[in-house]
Every structure is written in structure tokens, then in C-alpha cells.
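Visitor: I'm new to this one. Can you walk me through it?
Guide: Sure. Have a look first, then ask away.

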Amino acid sequence: MTAIPASQEGATASTPTDRLFLAILPGPGVAADMQALAVSLFERHQVEARAMEVARLHMTLHFLGDFTGVPAGLLAGAGRALDPIETACFDVVLDRALSFDGDRRRRPWVLSGSGPGTVALRALHAETGRKLAAEGVAVQGGQPFRPHVTLGYARIGLPASAVDPCVMHVHEIALVRSHIGRARHEVLMRWKLRPRS
């Protein structure tokens, strides 16, 4: 586990400044491929939309909430919960593009997949959820886990279709701090998965 000290920036503000979530991050090359795919999809469907920045592409594993500042107790609890991770490294193939429901102006266009990697993702989601709960770290949302990477947002929906596959090597989990309203992500902690046997 690698930790970065928490900042208490905005801790006295009444409006949340920080969104925290656990995520799987694609490697730089894979993230660049995902962004290129997003640009291609928007162009093909003649949609005016901006592809997600490479540095912000991720797959959310658990949403931990919005806060004013970064709660030190949450960092400590997550650190205890996820050290160590029992799951071994694996690959997940993302080969379908589609959109999720959203408001009329912001429908998420996403990349998803199926197969053994998705099964492993669901197992990792369940394992980490149990570990977080055991340490009293609350997971927000309550929605069913739908593994995906958001490529961008558009006014119209995207029919589900096959795309050239992007392969994510899942070797670590990151605790990400999203600076609300500033379009910037910062990794606060990382946990390595076990090496493949």
C-alpha cells in the first residue's frame, strides 16, 4: 500500500469539495486508446461532445461519498480494510459501447464488457465491499455494480454496439480524490493485487 497524506483543504466549507471513490485505472496506453475510441464514436454519431481526459478515465469500484476535505478516518479505515487484497491480478476485456440513462443533457457513453474478466471484477467488488464494511467504511450509492468506463457525456443515447476491445490489466486498486468542479483527479492511496500464480 502506498499512501499520500490527506489534505484538509476546504474542511470548513459547507459545500462538498472532494468526491472519493475506489477505482481501477487503465494504463496510459489503454487510456489513450479509450479516449481515441470516444472521439471516434462521437464523430461517427455526429454528436458534439468532449471525450473524457486521459488522466480521468477510470472504472469505479466503490463510491465513498462527497466531503468537505478528505476525512482522515476514512483513509485510515480504507487502509486497514484493503491491506492486503486477496484477489490475484487479472485482465478485463471491454468491447461494448453503450449509454446509460442520465438527464437529458448528460447521458453517459460508456465502455463495458463481459467474460471472465467481468466475473473477476464482480468478485473483487464483493471482496472489497466486505472488507470496507468490516472496518466501518460506508459505501454510497446502493446501485448494482455495472463495470464500465465512462468515455464522455452526450445529449443523445448510444445504441449498444461492439467495438475494438480495450484490455485493462487489473493489478491494483486506487483511492481517488476528485476535486469537485475542477475536473481533476488525484490518487491518494494504492493497493496491489496478488501476483498471478
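**A first walk through the chain**

Guide: Let's start at phenylalanine 100, which sits in the loop between S4 and strand S5 (107–113). Helices (H or I, at least four residues) and strands (E, at least two) are DSSP runs, numbered from the N terminus. This is a predicted model: local features need pLDDT of at least 70, side-chain atom pairs count only at pLDDT 80 or more, and totals for chains, interfaces and linings use all residues. Residues are numbered from 1 along each chain as its sequence is written, and side-chain values use heavy atoms, with hydrogens and water left out.

Visitor: Is phenylalanine 100 buried or exposed?
Guide: Phenylalanine 100 counts as buried, at 12% relative accessibility. Buried means under 20% relative accessible area, exposed means over 50%, and partly exposed is in between (1.4 Å probe, protein chains only).

Visitor: What is phenylalanine 100 in contact with?
Guide: Leaving aside neighbours within four places in sequence, phenylalanine 100 is in contact with Arg107, Pro108, Val110, Arg146 and His148. Contact means heavy atoms within 4.5 Å.

Visitor: And how far is phenylalanine 100 from alanine 162?
Guide: The two are 62 residues apart in sequence. In space they are 16 Å apart, C-alpha to C-alpha.

Visitor: Let's zoom out. How many helices and strands are in the chain?
Guide: The chain has three helices and nine strands. Along the sequence, the pattern reads β-β-α-β-α-β-β-α-β-β-β-β.

Visitor: How compact is the chain?
Guide: It is as compact as a globular protein of its length, because its radius of gyration is 17 Å, close to the 16 Å that the globule rule gives for 197 residues. That radius is taken over C-alpha atoms, and the rule is 2.2 Å times the number of residues to the power 0.38. The C-alpha atoms fill a box of roughly 45 × 45 × 30 Å, taken along the principal axes.

Visitor: What share of the residues is buried?
Guide: Of the 197 residues, 41% count as buried.

Visitor: What about contacts across the sequence?
Guide: Take contacts between residues at least 6 apart in sequence: 81% of them join residues at least 24 apart.

Visitor: Got an example of a residue with partners far along the chain?
Guide: Try glycine 152, in strand S6 (residues 149–154). Glycine 152 and arginine 50 are 102 residues apart in sequence, yet their C-alpha atoms are 6.3 Å apart. Outside its neighbours within four places, glycine 152 has contacts that include Phe42, Arg50, Met52 and Trp109. Glycine 152 is buried, with a relative accessible area of 1%.

Visitor: Which residues of helix H2 are buried?
Guide: In H2 (residues 72–81), the buried ones are Leu74, Leu75, Gly77, Ala78, Gly79 and Ala81.

Visitor: What covers the buried residues of H2?
Guide: The cover includes strand S2 (18–24), strand S3 (59–67), helix H3 (116–134), strand S8 (172–179) and strand S9 (184–192).

Visitor: And helix H1?
Guide: Proline 28 lies in H1 (residues 28–44). Proline 28 is exposed, at a relative accessible area of 70%.

Visitor: Any odd backbone spots?
Guide: First, the usual case. Most residues other than glycine have a negative phi, and most peptide bonds are trans.
Guide: Now the exceptions. A cis peptide bond joins aspartate 83 and proline 84, with omega about 10°. Proline 84 is in the loop between H2 and strand S4 (90–99). Glutamine 46 has a positive phi of about 50°, though it is not a glycine. Glutamine 46 is in the loop between H1 and S3, and is exposed at 73% relative accessible area. Alanine 183 also has a positive phi of about 50°. Alanine 183 lies in the loop between S8 and S9 and counts as partly exposed, at 47%.

Visitor: New topic. How many disulfides does the structure hold?
Guide: Zero. A disulfide is a pair of cysteine sulfur atoms within 2.5 Å.

Visitor: Why is cysteine 89 not in a bond?
Guide: Its sulfur is 20 Å from the closest cysteine sulfur, in cysteine 166, so the gap is too far for a bond. Cysteine 89 is buried, at 16% relative accessible area. Cysteine 166 is buried too, at 7%.
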